[in-house]
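Trainee: Got a minute to go through this model with me? I'd like to start with the ligand sites and then look at the packing.
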Amino acid sequence: MSAHSSDPSQALDAILQRHGRDPTRLLQILIDAQDIEGWLPAPLLTRIAGALVLPRARVEGVAGFYSFLHTRPVGRYRVLFSDNITDRMLGNAELLDALCRKLWIEPGHLSEDGLVSVTTTSCTGLCDQGPAMLVNGRAIGQLSHRRINEIAELIRQQRPLDLWPTEYFQVDDNIRRRDALLGLDMAPGAALQAAVARGRDGWLAEMQASNLRGRGGAGFATAVKWASAKNAPGAPKVVVCNADEGEPGTFKDRVLLNSFADLVFEGMSLAAWAVGASQGFLYLRGEYRYLRPQLEAVLARRRAAGLLGKAILGQAGFDFDIDIHLGAGAYVCGEESALIESLEGKRGTPRIRPPFPVTKGYLGRPTVVNNVETLAKTCLIALGGGEAFAATGTAQSAGTKLLSISGDCASPGIYEYPFGVPISRVLEDCGASDTQAVQVGGASGICLAGYEFQRRIAYEDVPTAGAFMIFDGTRDLFEVARAFVHFFAHESCGFCTPCRVGTALLKGFMDKLADGHGAQADLADIDWLDRLLKNASHCGLGSAAPNPVIDTLQKFRPAYERRLVSLDFEPAFDLDAALAEARQLTGRDDHCAHLKTHEEEEK
Amino acid sequence: MTKQFLLDGQPVPFDDGQTILEAARKAGHYIPSLCWNKDFPPHGSCKLCVVKAAGRHVSACATPAKEGWEVESNTPEINGERRALLQMLFVEGNHFCPSCEKSGNCELQALAYEYEVLTPRFRHFFPDRPVDASHPDVLLDFNRCIFCELCVRASREIDGKSVFALTGRGIGKHLVVNAESGRLGDTDFAATDAAARICPVGVILPKGKGFAVPIGERVFDVATIRSKTLKESS
Ligand SMILES: Cc1cc2nc3c(=O)[nH]c(=O)nc-3n(C[C@H](O)[C@H](O)[C@H](O)COP(=O)(O)O)c2cc1C
Ligand code: SF4
Ligand code: SF4
Ligand code: FES
Ligand code: FES
């Protein structure tokens, strides 16, 4: 919101100054510059381009990529309803309509006085306390009709956000089950001390013995990644903590950053020690911007304690510091090479791989990208040794996993389990009943039906980045899949043909079915698109986009077939409905003013 | 001995670092492309060059060849995928070939003939993309853009101007020019720029020179894109 009363051009100069007019900080500059007027007017982009000596078109290219950057005016109060399936199940659509009615505005449109705009955004990571929204970037959960009424009133009164009731902005951790990681009470620096005592190689050997695998989704062996970056030529080396957490239904990194930030930063330092890195980034998703001040405070404390900076713990040559970079509403920036592009101030388009980031990452330097949870886990290994870590979990999945549980259950929140835990046990612990399906691993994960609840959470069985969304017998799995398809279409970066066009087409097919115009032929086309997306996409977003449809078509096919009109082909277009306006204008409604549909003709 | 891989069962020699696409074409085997151009590093966006290498789909233009690989390209499965990708490119833009100045010289159109695209197959998006006629010598018809970024790259790397860039994302991605007004006439673009001649489809068109070569005598009227490409890469 435009809290700045000062001259906008002075405000911009201060921002440019703060970022050293560094073109690699373009995204950070745009995020800050947007705070001046709430959006990015064309002349502002021109000025930024001039100051950074970048082509203006490139600046416009970046500004247009991120959904939290606005090149058109938005409300002084910008309300974004989180639109994950779990928010939908908790009635977010009704709340959005209620708020719009109260404020006399239409969803997606700016009010005439420029006061407020209301629309939706992808999952904001508050699924355990939804329905949720962001107001000018600040998260509010547990929305109810009552709260919506109050918010409408506060907006009408133009009350500054800082004067809104503080309990609105309270985000709970909701930790329900603790194991090794969440039960750890570590003095900052203890793990780093232990690793430094072992020497760089000794520490990497412990990591190798631990069999730790990445918790961000792909499950790559962490020690192998670190060793590659260590052995790759080029300097200074870089460690990136991936805190983009965009996978719908995932919120465990939010909790780690909120209450275990020391473990996360210590993990980054442990990685830096192993690979010889001197530069660190925490890439924080824009939705978690509210965590930034407290994270900066932790960093400052660690600097003061000699755990960041030069000659860390007295080791000559162990220099490492961490900078926080914000994302701005782009799920694809969780993909490591897109994340690196974004860190360099560019559009978040995934790179061609190879080369992989471990050899050519940030600014072409060897770069380790690890998930928040992966890095936190390395503290356990430094403290207790690799073998002890490897002894827990299952053969191919050492250690524990944090699950972000939401949807139809009594106690949504964070649950830490050793790998190998059966789905049924998790369902029991969180108080789920009459469970029809569980979506494990988010929109790009796997949808499990009842007959699969004996399967186990582990890389070798049901792998997951942590999302665990529960659907009971009252839920419609077609609508679940449709919500995820909408998500992927919204989040496709648009770089490659199959994903850019394919996700939009798939969305069209799902909407056609939802509108009651589906035919058997559409299911065949959906199958075909699914395969093309899987095969030909440039990155994991496109290849995972069809997963929810593939799974639900296979396991819950009646949810689709129910929606088909029993024809081989049915146009998406309703000829008769298209004439409605003409009928209204001419005041006719006789049968000659109607076009027959096939079915009626057959009768 | 030189290294080789098998393309649809036939041995193809390659040098270290050479991509599947380059090696194949050099040896006289056609793999299609749209966003690839020999003067630039691979882009990897159109996916027309998709092949199956050792059982996995990869972009031939961006994947270095490997000794002993078995690569499938001219198969019903892969050609079917290429046809679908072409259909996707057609429906996401507005392509009215009969009234397009580029018709007959257009690589998208030529590939559609090559891969027997007989129907649009998918629903049309009919996007609203106004043309830009502000420049005295060059017309921009965004309706036909396939986002290969060749103009972006040529303007930046050859002309040293950066007249073009992409903005938006997903299906809303679109081309913009380097001016606050958004008009090509307000940039330093010139008809003599490399970027003015590189567009594989009919977006960047010279003004005042319509239909100089009659339909029927144009590049792909007299040679298929396959034969033309192979001739150029041998
Ligand atoms: C579309 C897409 C989104 C991703 N989002 C995330 C994310 O939000 N957080 C994350 O840690 N990894 C994400 N990943 C995985 C990363 O590319 C990468 O594998 C991971 O950060 C590596 O860390 P790890 O080895 O510690 O798991 C995503 C991958 C794709 C393809
Ligand atoms: S698969 Fe989708 S997200 Fe990934 S590069 Fe292609 S368009 Fe972008
Ligand atoms: S205008 Fe032409 S060259 Fe430029 S991106 Fe579009 S299709 Fe490619
Ligand atoms: S030619 Fe290979 S992706 Fe376009
Ligand atoms: S004929 Fe291909 S773009 Fe005009």
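**Ligand sites, core and hairpin**

Trainee: Which residues come nearest to ligand 2?

Mentor: This is a predicted model. In it, 13 residues lie around ligand 2, and Cys493(A), Cys496(A), Cys499(A), Cys539(A) and Gly542(A) come nearest.

Trainee: How does that shell divide into nonpolar, polar and charged?

Mentor: Eight residues around ligand 2 are nonpolar, five are polar and none is charged.

Trainee: And ligand 3, what is it surrounded by?

Mentor: Residues of chain B, among them Cys145(B), Cys148(B), Cys151(B) and Cys199(B). Leu175(B), Pro200(B) and Glu149(B) are also in the shell. The split there is 10 nonpolar, no polar and one charged.

Trainee: Switching to packing. Which residues touch the most other members of the largest nonpolar core?

Mentor: That core has 205 residues, and the ones with the most contacts to other members are Leu30(A), Tyr66(A), Trp203(A), Trp226(A), Leu257(A) and Phe164(B). Helix α11 of chain A, residues 261-275, supplies the largest share, 11 residues.

Trainee: What does Trp226(A) touch?

Mentor: Leaving out residues up to four places away in sequence, its contacts include Trp203(A), Met207(A), Leu270(A), Ala274(A), Val368(A) and Thr378(A). There is also a second, separate core of 26 residues, including Leu95(A) and Ile151(A).

Trainee: Last thing, the hairpin in chain B. How do β1 and β2 run?

Mentor: Antiparallel, with five bridges joining β1(B), residues 3-7, to β2(B), residues 10-14. Leu7(B) stands opposite Gln10(B).

Trainee: Which residue takes a positive phi there?

Mentor: Asp8(B), near 45 degrees, in a hairpin with two residues between the strands.

Definitions and conventions: Residues numbered from 1 in each chain as written. Chains lettered and ligands numbered in written order. Predicted model: local features only at pLDDT ≥ 70, side-chain atom pairs only at ≥ 80, totals over all residues. Heavy atoms only, no water. Near = heavy atom within 4 Å. Nonpolar A, V, L, I, M, F, W, Y, C, P; charged D, E, K, R; others polar. Pairing = 2+ DSSP bridges. Helix = DSSP H or I, 4+ residues; strand = E, 2+ residues; numbered from the N terminus. Core = buried A, V, L, I, M, F, W, Y, C linked by side-chain atoms within 4.5 Å. Buried < 20%, exposed > 50% of the residue type's maximum accessible area, 1.4 Å probe, protein only. Contact = heavy atoms within 4.5 Å.
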